[in-house]
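Okay, everyone, thanks for coming. I'd like to walk you through some sheets and some rings today, so let's get the model up on the screen.

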Amino acid sequence: MRRGARAALALGLLRLCLAQANFAPHFFDNGLGSTNGNMALFSLPEDVPVGSHVYTLNGTDPEGDPVSYHISFGPSSRSVFSVDPRFGNITLVEELDREKEDEIEAIIGISDGLNLVSEKVVILVTDVNDEAPRFIQEPYIVRVPEDTPAGSSIFKVHAVDKDTGSGGSVTYFLQNMQSTKFAMDRHSGVLRLRPRAALDYEKARTHFVTVVAKDGGGRLRGADVVFSATATVTVHVEDMQDMAPVFVGTPYYGYVYEDTIPGSEVLTVVAMDGDQGKPNHLLYSLVNESDGAFEINKTSGAISITQSPAQLRRQVYELHVQVTEVSSAGSPAAQATVPVTIRIVDLNNHPPTFYGENGPQNRFELSMYEHPPQGEILRGRITVNDSDQGANAKFNLQLVGPGGIFRVVPQTVLNEAQVTIIVENSAAIDFEKFKVLTFKLLAIEVNTPEKFSSTADVVIQLLDTNDNVPKFTSHYYIARIPENAPGGSNVVAVTAVDPDTGPWGEVKYSIYGSGADLFLINPSTGIIYTQPWASLDAEATAKYNFYVKAEDMEGKYSLAEVFITLLDVNDHYPQFGKSIQEKTMVLGTPLKIEATDQDAAEPNNLVDYSITRAEPANVFDIDAHTGEIRLKNSIHSLEALHNITPNGDYTWSLEVQAKDRGSPSFSTTALLKIDITDAEMLSRSPVDAFLMHTKDNPTKAVGVLAGIMAIIVAITVLISTANFWRNKKSNKVLPVRRVLRKRPCPAPRTVRTEWLKFNRTKAAAKFVLEEDPPNENCNNHNPPPPRVPAPPPPPGMGAATWTVPTVSGSLTPPQAQHSPKPEALGSPIQSALVSELRQKFEKNHVASKACF
């Protein structure tokens, strides 16, 4: 025991010595704004997220021993922070709320394992704008007299915001900024009536005003935010005495039975103060003489009989009841008067009866315009009455007939009532569907064993209104008319129907549009016809379209479109073109003629061709559709043609016909002269061609030669004359020269050849194709007057381009004439041609003299 005590004492002494030798650790104090140290003067915004690293405890040990950190809180404080013992990192573990706790007291400690140093610190929680304004003392209900002057303050609202700074300042405004009656002071929260605004209890007894309270805004979690709150101010308008009293349940009818006891109540009139918020006391009185038969309770308005019904002198009493308001001061105020009708009746021995203006009726004939407004009252006085009294005079009214169109009021009647028929379904009241609507009014007693009833027929004559638009029977009309229709011809009849009656149902027609110029319309019948001066031409315009308008007297209208097509009439003859002249056909190649027909449509403009006469016949075929003329297949050479030609030449006269396919058909005939050659003729010299063409007409050859010689002589005379005058002017004596006359030689071959070339080249220019208008049968054409042939060119003229020899001219009607035609020659020997030419010349010597 002693040894153990000694050992413990020695260990304690050892520890004491060591403790005295070890210094305590301490925190660094880094001052305001530092994020590490001993948390001196440390503050933290209340919106820091939980889990955030907010501070680092930092200290040291003099001996350099490792230290650990601690944090603790008082018993009344929340543990909002945790610390990493090794590194001193402080983390927020609970949300902060400055409005609940603006300071946090904590004890921080640092230890080196032997020594523990603790310090008490206060962490300030700074404000952010995290609170919205809040109205206090809600709900807001205020009562305001209706005569409150404009601009008066009527209430003050108050809202608080727990935030500080701008986030805690509150301004006010109305949610409905367009309010016409109220205004809000933005700083004080005072609600006022706007200038020139007034309250009216009879129009609106309560107003709901929504007030918005808004803070000044601030930062929250890194963003600028503004919070607001709303509250509703309920403004009850208090009634003031500004309205007269009003009777309820008018008109008033009362009935007195024959067994009624004097003093019995007949009926009660009821009046109410027009100012229902604070009504005054009402007093009733009779203002006319009732012969002392009736009296009224001045407070309840009950009218009683004072005499026996047998003593009453009249069957009907018209009383006037006056009601007077009595103010709180006891003085009379506003008044109102109402008539009261009292009938003296027997017991229940009469059914309900319908009355008109002239007494009892069981048939009422009324009138109403179609489609009246919803809720309109049917005009006409209908009264229903049960002459009995009390419960015996109570009956129900019903309207029997097509349902949902009208309703009757009242539905329950005591004694007598004015029957009102009100429109329920305006669309069903249609004059075009029903001219007359018939109903039955049924009145049947309710509480009587007899269940007396009566009926009355209500016949409603509907009156028409202009509620319909004229409508065409079709949206468009298609018509066809021949182009040769005379002016004023009917084209098509359009029809529009207006279901309305009278002047409203009368339709007036008109047309318009770019295609309507040639047409007119009868405004009453709708018949569209051509203008009297109109001349239709399908070749110019084949289709027309325009609009037709149907309009009633009030301008309601509809449109339809009209399409008119001109039917082509065969009114044009086929016409040959200007290219139809005397033609040259190369053997083996077809020759084409063409005629055109100006009609607009087939088959009137389709042309068929035919040969009506040929000299000689059976030489040519023609394609009826294309107009191509060919030699018959049996003819292959010029020799074959020479053998069948009457004059031994190669010229044919054909009468060709162009005929259209219209009905009736028109045709045109023309004379076509064809000169036939072959490909070999194309390669011959101009002299050969000329001699060959003139072998049958020596007069032409002699004329050409004579013309050439005349030109040569004229040129010689001109040259001699010029030399003579030149020598005379120079006064020179010239020696006498012997003039030897020689036989004149023919012009050089080249000259004649050049002239022939020139003549052939310009032959086509001698004639111009002219078309004359057709006569009545369009079968004849007058030939144009012949032109003077161009003179031959002077000797030495340049060679012209060689062309196939042709003869050109106009189409002429078939008639007997002999026109010289060039002939193709099969032999190239010129001597034979010259001898043959001389023989022809001798035979036609007499004709030659006549020509020269």
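Quick definition before we start: two strands count as paired if DSSP finds at least two bridges between them. Keep in mind that this is a predicted model.

So, with that, here's one sheet. It's open, has five strands in the order E32-E31-E34-E38-E36, and the pairing is antiparallel. Strand E32 (359-360) and strand E36 (406-409) sit at the edges with a single partner strand each, so each has one side without a neighbour in the sheet. Further in, E34 (residues 382-385) and E38 (residues 416-423) run antiparallel over four bridges. If you want a spot to click on, Asn 385 has Glu 416 in E38 as its bridge partner.

Now another open sheet, also five strands: E33-E40-E39-E35-E37, and here the pairing is mixed. The edges are E33 (363-369) and E37 (412-414); each has a single partner strand, so one side of each has no neighbour in the sheet. On average, neighbouring strands in this sheet are turned by 25 degrees against each other, ignoring direction. E39 (436-445) and E40 (453-463) pair antiparallel over nine bridges, and Leu 437 is opposite Ile 460 in E40.

Okay, rings. The whole structure has 17 aromatic pairs. How do the rings of Phe 135 and Tyr 140 sit against each other? Their centres are 6.1 Å apart and their planes are at 80 degrees, so that's edge-to-face. Phe 135 is buried, at 6% relative accessible area, and Tyr 140 is buried too, at 3%. Ring pairs join these two with Phe 155 and Tyr 172 in a cluster.

Last bit, charges over rings: Lys 435 lies over the face of Phe 431, 4.7 Å from the ring centre.

Conventions:
Residues numbered from 1 in each chain as written. Predicted model: local features only at pLDDT ≥ 70, side-chain atom pairs only at ≥ 80, totals over all residues. Heavy atoms only, no water. Helix = DSSP H or I, 4+ residues; strand = E, 2+ residues; numbered from the N terminus. Axes fitted to C-alpha atoms, helices over the stretch in contact; angles between N-to-C directions. Phe/Tyr/Trp six-rings, centres within 6.5 Å; stacked < 30°, edge-to-face > 60°. Buried < 20%, exposed > 50% of the residue type's maximum accessible area, 1.4 Å probe, protein only. Lys NZ or Arg CZ within 6 Å of the ring centre and 35° of its normal.
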